[in-house]
2 protein chains.
Amino acid sequence: MKTVAVRISSMRQYDIVIGTDLLANLASIVDLRPYTQVLVLTDSHVAPLYLNTFLEHHRHLRITSHVIEAGEGSKSLAVYEDIQHRLAALNFDRRSLIVNIGGGVVSDLGGFVASTYRRGVPFLNISTTVEGMVDASLGGKTGVNLGSYKNYVGTYAQPVAVVIDVTTLRTLDERNRVAGWAEVIKHGLIASRSYYEMVTSKHPLRFSDSELIEIVTFSCELKRSVVQEDESESGVRKILNFGHTVGHAVESLSYQHMPLLHGEAVAIGMVAEAYLALTRGAISGPEYDDLKARLAGAGLPTRIPFPLPDLTPLTALIEADKKNHGGQIRWSLISSIGACDHDVIVDDSRMVEALCQVVDLR
Amino acid sequence: MKTVAVRISSMRQYDIVIGTDLLANLASIVDLRPYTQVLVLTDSHVAPLYLNTFLEHHRHLRITSHVIEAGEGSKSLAVYEDIQHRLAALNFDRRSLIVNIGGGVVSDLGGFVASTYRRGVPFLNISTTVEGMVDASLGGKTGVNLGSYKNYVGTYAQPVAVVIDVTTLRTLDERNRVAGWAEVIKHGLIASRSYYEMVTSKHPLRFSDSELIEIVTFSCELKRSVVQEDESESGVRKILNFGHTVGHAVESLSYQHMPLLHGEAVAIGMVAEAYLALTRGAISGPEYDDLKARLAGAGLPTRIPFPLPDLTPLTALIEADKKNHGGQIRWSLISSIGACDHDVIVDDSRMVEALCQVVDLR
């Protein structure tokens, strides 16, 4: 018997650039000229707003645009396969570039396409939503849904750069802007009390462009440091899931009643999970009440906005997730305002108590 | 404007284990007990031969088997999606394992599924063909075909281990065994004259198990060193493509006449490309003739076995590939017997001359 030992190491690096009016000045940030051709992937909401700006500023490039329908429905293997065929017909290769312009759906889908077409072509993320700016467009998670299984097929892949133009938030509707803010508040809760207090000091729409740049930069720095330490989420990266165990279940359930945006569901999830932190003595009663007030002040929901006959549908959804984690839910819970633990085990009865804080039983 | 610089490094390592009767003694090589469940992916040819052996030796594990139809047709996004749904229904997670038993189709497809299901679950390759043992099952290339575009969708992903049981070659039919030998001969041509002479010293079926272990180990060591240096094929890994520029075109063309196996087409491709090396003075006339004799002695074809009215269909297929390499074919050509250059530019007229060496014009 013989053994051949194989070792493969790799290093990838890229910049996240945050500013104003970057879309019109992209050439000064990323040199697109070396690429033989470009495919711009965007959605039906974003295309009318920014596609022309991009095309006008890059007349010298060979560009094809591919517009998908806005919304989660486009995160499917069918749409993925469509784009793969498009790339093959265009003779796309490794010296070509995919530019994703939009929110999380576009960057998740476009990143997955790019990382698997001919085993990987370069891609650039230009984020136009709060959630994209502080979460989806960076960190390297790509993927699509597999029927009702969210993000079940995908890769870890890093873009050549992430461009965040906070000016584009002006065209984002208020509900989406507020919902995205839930992730910003989450970053404060898990990593910095002063940041948490600052980002909840006024309504999300009242921050100036220069304040937004500071805020987005902090969130990106946080995500960067966590992802660098643990790209594949085997340890510390899990703290980014605070609010998401309950949040995902609330989001899924809401589709049967009155659909919530991801960030809205996460806000409700953070209330329930902060309650678990309260029962463990990690935060105080006044801190818990203050958190709810700050979320409400930001325009975010703190309770599920439709009544439920009982908790069963909600606990069933959380349990379904549990099966995928080896029979026991491992929670990411704040250990104080501005710090977070992961892989915390909690009694089932405590979980029920926590859910009661966010559900109106009828 | 702010910039956040992200750096991600990773290191993956695994063993390739080569021996006899390993399938029945797998437990001594890889400890499967830590895995919560196992999916065995295999094909309709291999399942009747080895699936029961595997199941009998792992009664204590929670195992599901998934048998795909043998042949290249299973390397499709449709089959890929089927398996993804199967895994989701089984509640597969990162502590589960996919075991690929078979040749290149199984390891390419299974590796792609594993590397993208929930952004990556572990997989083990157990190779049962010559080509799988010396090429497909190692090196980390995974993928499926996109219609007629071969291997257009996939990833670079490393298995937890590769198990090569040369005993399984006894059940492989002669044509496939001989065809796979073309890749073994290629390894000699590009890297070692003495290895080249040894592996062509008798017919591929006349090597003993212990000789096979030595041969497969050499080929794995070679592939390991090349892949470690250049995983994503931006430089030295290209030398593994010797014989493949013409070989791929011959293989595609053969489907319209009389289908050739990949290795058979590569043997013909090596003759044409060795002729290019001859015209550059890299090898001598006697060395070129000797190469043809050695390939023929191994039972491999050295000319396209069907007549063509002209060279156009063949050059068109090579040109189609050319588009994907920025307008000029970059050849990997031997620089002597046992050494290889990459990114060599050759005159079109020379290419035509080389093709004339392997085509009967009618």
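Below is a chat about a predicted model with a chain A and a chain B, covering the sheet, the helices on it and the interface.

Q: How many strands are in the open sheet, and in what order?
A: The open sheet has 12 strands, in the order 3(A)-2(A)-4(A)-5(A)-8(A)-1(A)-1(B)-8(B)-5(B)-4(B)-2(B)-3(B). The pairing is mixed.

Q: Which strands stand at the edges?
A: Strand 3 (63–68) of chain A and strand 3 (63–68) of chain B do. Each has a single partner strand, so one side of each is left without a neighbour in the sheet.

Q: What angle is there between neighbouring strands?
A: They are turned by 20° against each other on average, with direction ignored.

Q: What holds strands of a sheet together in general?
A: Strands pair through backbone hydrogen bonds, and the pairing is either parallel or antiparallel.

Q: OK, strand 1 of chain A and strand 1 of chain B: parallel or antiparallel?
A: Those two run antiparallel and are joined by 17 bridges.

Q: Which residues stand opposite Val4(A) and Gln13(A) there?
A: Val4(A) faces Ile16(B), and Gln13(A) faces Arg7(B). Both partners lie in strand 1 of chain B.

Q: And how does strand 1 of chain A run against strand 8 of chain A, parallel or antiparallel?
A: Parallel, with five bridges between them. In one of these pairings, Ile16(A) has Val162(A) in strand 8 as its bridge partner.

Q: What about strand 5 and strand 8 of chain A, in which sense do they pair?
A: Strand 5 (residues 123–127) and strand 8 (residues 161–165) of chain A pair in the parallel sense, over four bridges. Ile126(A) has Val163(A) of strand 8 as its bridge partner.

Q: Where does helix 7 of chain A sit?
A: Helix 7 (residues 209–229) of chain A packs on the sheet. There it touches strand 1 (2–19) and strand 8 of chain A, and also strand 1 (2–19) of chain B. The helix direction makes about 20° with that of strand 1 of chain B.

Q: And which strands does helix 1 of chain A lie across?
A: Helix 1 (residues 47–57) lies across strand 2 (38–43), strand 3, strand 4 (97–102) and strand 5 of chain A. Relative to strand 2 of chain A, helix 1 runs at about 160°.

Q: Switching to the interface. How many residues are in contact?
A: 66 residues of chain A are in contact with 65 residues of chain B. The area buried between the chains is about 6000 Å², and carbon and sulfur atoms give 55% of that.

Q: Which residues of chain A lose the most area to chain B?
A: Val4(A), Ile8(A) and Arg119(A), which together make up 15% of what the chain A side buries.

Q: How many salt bridges and polar contacts go across?
A: The rule finds one salt bridge across the interface. Lys2(B) forms a salt bridge with Glu214(A), with the closest N and O atoms 3.4 Å apart. The count of residue pairs in polar contact between the chains is 12.

Q: Which element of chain A gives the largest share of its side?
A: Strand 1 of chain A, with 18 residues. The residues on that side of chain A divide into 27 nonpolar, 22 polar and 17 charged.

Q: Last one: what do strand 9 and strand 10 of chain A form?
A: A hairpin, with two residues between the strands. Strand 9 (residues 331–336) and strand 10 (residues 339–344) run antiparallel and are joined by four bridges. Trp331(A) has Val344(A) as its bridge partner. In the turn, Gly338(A) has a positive phi of about 110°.

Conventions:
Residues are numbered from 1 along each chain as its sequence is written. Chains are lettered from A and ligands numbered from 1 in the order in which they are written. This is a predicted model: local features need pLDDT of at least 70, side-chain atom pairs count only at pLDDT 80 or more; totals for chains, interfaces and linings use all residues. Side-chain values use heavy atoms; hydrogens and water are left out. Two strands pair if DSSP finds at least two bridges between them. Axes are lines fitted to C-alpha atoms, for helices over the stretch in contact, and angles run from 0 to 180 degrees between N-to-C directions. Contact means heavy atoms within 4.5 Å. Buried area is the accessible area (1.4 Å probe) that two parts lose on being put together, summed over both. A salt bridge is a side-chain nitrogen of Lys or Arg within 4 Å of a carboxyl oxygen of Asp or Glu. A polar contact is a pair of N or O atoms within 3.5 Å; within protein, one must be able to donate a hydrogen and the other to accept it, and residues adjacent in sequence count only if both atoms are side-chain atoms. Ala, Val, Leu, Ile, Met, Phe, Trp, Tyr, Cys and Pro count as nonpolar, Asp, Glu, Lys and Arg as charged, and the others, Gly among them, as polar.
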